[in-house]
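Colleague: Got a minute to go through this model with me? I want to hear the reasoning behind the labels.

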Amino acid sequence: MINISDDNFEKHKALNGQEQSDQELKQYNYLNLGPTHPATHGIFQNILKMDGEVIVDAQPTIGYIHRAFEKLAENRPFYQITTITDRLNYCSSPINNIGWHLTVEKLLGVKTPKRLDYLRVIIMELARIADHIICNSVVAVDTGALTGFLYVFQWREKIYEIYEEICGARLTTNIGRIGGFERDFSEKVFAKINNLLTELPAALSEFEKLVMRNRIFMDRTVNVGGITGERALEYSFTGPNLRAAGVDYDVRVMTPYCSYEDFDFTIPVGSSGDTYDRFCVRQEEMWQSISIIKQALKNLPKGDFHADVPEFYLPPKEEVYNTMEGLIWHFKIVMGEINVPKGQVYQSVEGGNGELGFYLVSDGGRQPYRLHIRRPCFIYYQAYPEMIKGSMLSDAILTMSSMNVIAGELDA
Amino acid sequence: MAEVNNQILGESISAQFGNQVLSVEETYGTLDIVVEKSIIIPLIKWLKTHDKFQVNFLTSLCGVHFPEQNDRELSVVYYLHSFINNIRFRIHVFLPASQPEIPTLTTLFAGANWMERETFEFYGIKFIGHPDLRIILNVEDMDYHPLLKQYPLVDATRTDKDDKYFGR
């Protein structure tokens, strides 16, 4: 951390036209938090205006890992955009992948079989658990409790093993295709999921026992970095951060996709929108996700694991090698030579951090004409200066980690 | 609470704003409303404060570039959501590339701040009245707007790659 001069801060055009009349009386310090600070878990820069240890104002700078996804997407065939979505919120890549598949399927008007929906729900809920495990255990680490982190983090590893069994990849999964999964889940996958479902609850309870009612943890998080429900709505918050502020908006309930209407689950809400509430909402969501996965496994319908979209779903290898039609489709799909209907669609999914939306404008060509990705992190991170105003530096760190700002999604 | 659907919403907006609503149509179950630039802020304010509609949430805001459309090259798309009625719809405004200016929405939704900065950065659309309209994701001194269609993605000086064989 380095001190920077007043001039430099003014250059960054700080403060919403705030009067500086008391500046003669008071000397503020400027503190450069980031871009590469170990406590921010990613590349974020905040120039903090400090009065002693109290934050008076903050000026965030973002874009350190901007990769122009929206421009890239305009130059790629549809199936190659899945790999771009991996790199948005890389803590829960499968949700992003499936969100993109759903967008294209909506444009094509594909009707998906029930089994596929349920398999996707299982994967998305596993991804949500993995995402929340990372966020919550890291919040605990930032308060100084490293042990809890070690207890739950191995379960994220087990979830990654399930991904690996399904699609071969772990972090940037590129899971499934437009139209469905590459193959049906094997017995080994179900065995791993069942194993996780029997053993994860014990680890989660242990973590909760360690942290949730811990005096030190509560002192550090209750009434820290709060936001009211009204302000959160003004700032277009979504996901656990909005629900912690008391607004029960969840895409899975409001605009169900993937047969989420078949499942029975509750949406946890907080009241004060502070760090503790965000932590508790995420914690409860993991329990709900476990319940959803159990319901999906119990009621898993028989049937197909992919929809009938020959234009986008690769034919099986036997067909490619032995039939003319299979070979032609295989070639056309891989080379991205499929035209899609003209139109515009918006499809959103409940990502780990909130509503992840894809606004796709198609001119009937082989690539999107325009793809706008609604990234929840990008939208709610702008409220960060308001949320940390008047709090201590150490609270700012906790607020950021409990908001779960993921650099990949923030910068796209 | 009276039932609100796409038809009622479209008709109410047309009735309230008359011929400044250029078109109302439904695609994939979502209402697409094209309006004149002059009524965009009054329209969203009216929808936000309306007793029945209560459009309280700005889901996203983005730009689109249509270089072939004369005097309507740029468009700004507002995607709005009413939680009470659970209805979502888009409002489109078309702007000429020679004068890409539109009033800011930050007066109604604080969250529009960065969304507008991003749109400004990508398309050069100036949001009049925005408190801090600067480039947000790219380097500060970038002097062009990269998502405009005249900028190809691939480096124009590259010779080792010929896309025409791939139908691109």
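Modeller: Sure. This is a predicted model, and between chain A and chain B there are 22 residue pairs in polar contact, both partners at pLDDT 80 or more. On the side of chain A that touches chain B, strand S4 (residues 342-350) of chain A gives the largest share, six residues. That side divides into 21 nonpolar, 14 polar and 15 charged residues.

Colleague: How many residues are in contact across chain A and chain B, and how much area do the two chains bury?

Modeller: 50 residues of chain A are in contact with 50 residues of chain B. About 4,100 Å² is buried between the two chains, with 57% of it on carbon and sulfur atoms. In chain A, Lys71(A), Tyr369(A) and Gln382(A) lose the most area to chain B, together 16% of what that side buries.

Colleague: What makes Arg88(B) and Glu355(A) a salt bridge?

Modeller: The cut-off is 4 Å from a side-chain nitrogen of Lys or Arg to a carboxyl oxygen of Asp or Glu. The side chains of Arg88(B) and Glu355(A) come to 2.6 Å, N to O, so the pair counts. The rule finds four salt bridges across the interface of chain A and chain B.

Colleague: What about Arg375(A) and Glu118(B), and are they buried or exposed?

Modeller: Arg375(A) forms a salt bridge with Glu118(B), with the closest N and O atoms 2.7 Å apart. This pair crosses between chains, from the loop between strand S6 (370-374) and helix H15 (376-380) of chain A to helix H3 (residues 112-123) of chain B. Arg375(A) and Glu118(B) are both buried.

Colleague: Why is Arg243(A) called buried?

Modeller: Buried means under 20% relative accessible area. Arg243(A) has 1% relative accessibility, so the label is buried. Arg243(A) is in helix H10 (residues 239-244) of chain A, and its side chain makes a polar contact with the side chain of Glu285(A) at 2.6 Å. Salt bridges that share partners also put Arg243(A) in one network with Glu125(A), Arg128(A), Asp250(A), Arg252(A), Glu285(A) and Glu350(A). One of the links is Arg252(A) to Asp250(A), at 2.9 Å between the closest N and O atoms, and both of these residues are buried.

Colleague: Why do Glu165(A) and Lys192(A) count as partly exposed?

Modeller: Partly exposed lies between the 20% and 50% limits. Glu165(A) is at 28%, so it fits, and Lys192(A) at 26% does too. Their side chains meet in a salt bridge at 3.7 Å, N to O. The pair links distant parts of the chain, helix H6 (residues 146-167) and helix H7 (residues 187-211) of chain A, 27 residues apart.

Colleague: And within chain A, how do you know that Asp57(A) and Lys389(A) meet in a salt bridge?

Modeller: The N to O distance is 4.0 Å, and the rule asks for within 4 Å. That pair is listed as a salt bridge. Chain A is divided into domain 1 (6-61) and domain 2 (69-308 + 339-411), and the count between these domains is one salt bridge. S3(A) gives the most to the side of domain 1 that touches domain 2, with six residues.

Colleague: How much area do those two domains bury between them?

Modeller: About 1,500 Å², 70% of it on carbon and sulfur atoms. In domain 1 of chain A, His41(A), Phe44(A) and Ile55(A) lose the most area to domain 2, together 36% of what that side buries.

Key. Residues are numbered from 1 along each chain as its sequence is written. Chains are lettered from A and ligands numbered from 1 in the order in which they are written. Side-chain values use heavy atoms; hydrogens and water are left out. Contact means heavy atoms within 4.5 Å. Buried area is the accessible area (1.4 Å probe) that two parts lose on being put together, summed over both. A polar contact is a pair of N or O atoms within 3.5 Å; within protein, one must be able to donate a hydrogen and the other to accept it, and residues adjacent in sequence count only if both atoms are side-chain atoms. Helices (H or I, at least four residues) and strands (E, at least two) are DSSP runs, numbered from the N terminus. Ala, Val, Leu, Ile, Met, Phe, Trp, Tyr, Cys and Pro count as nonpolar, Asp, Glu, Lys and Arg as charged, and the others, Gly among them, as polar. Domain bounds come from an automatic or database domain assignment. Buried means under 20% relative accessible area, exposed over 50%, partly exposed in between (1.4 Å probe, protein chains only).
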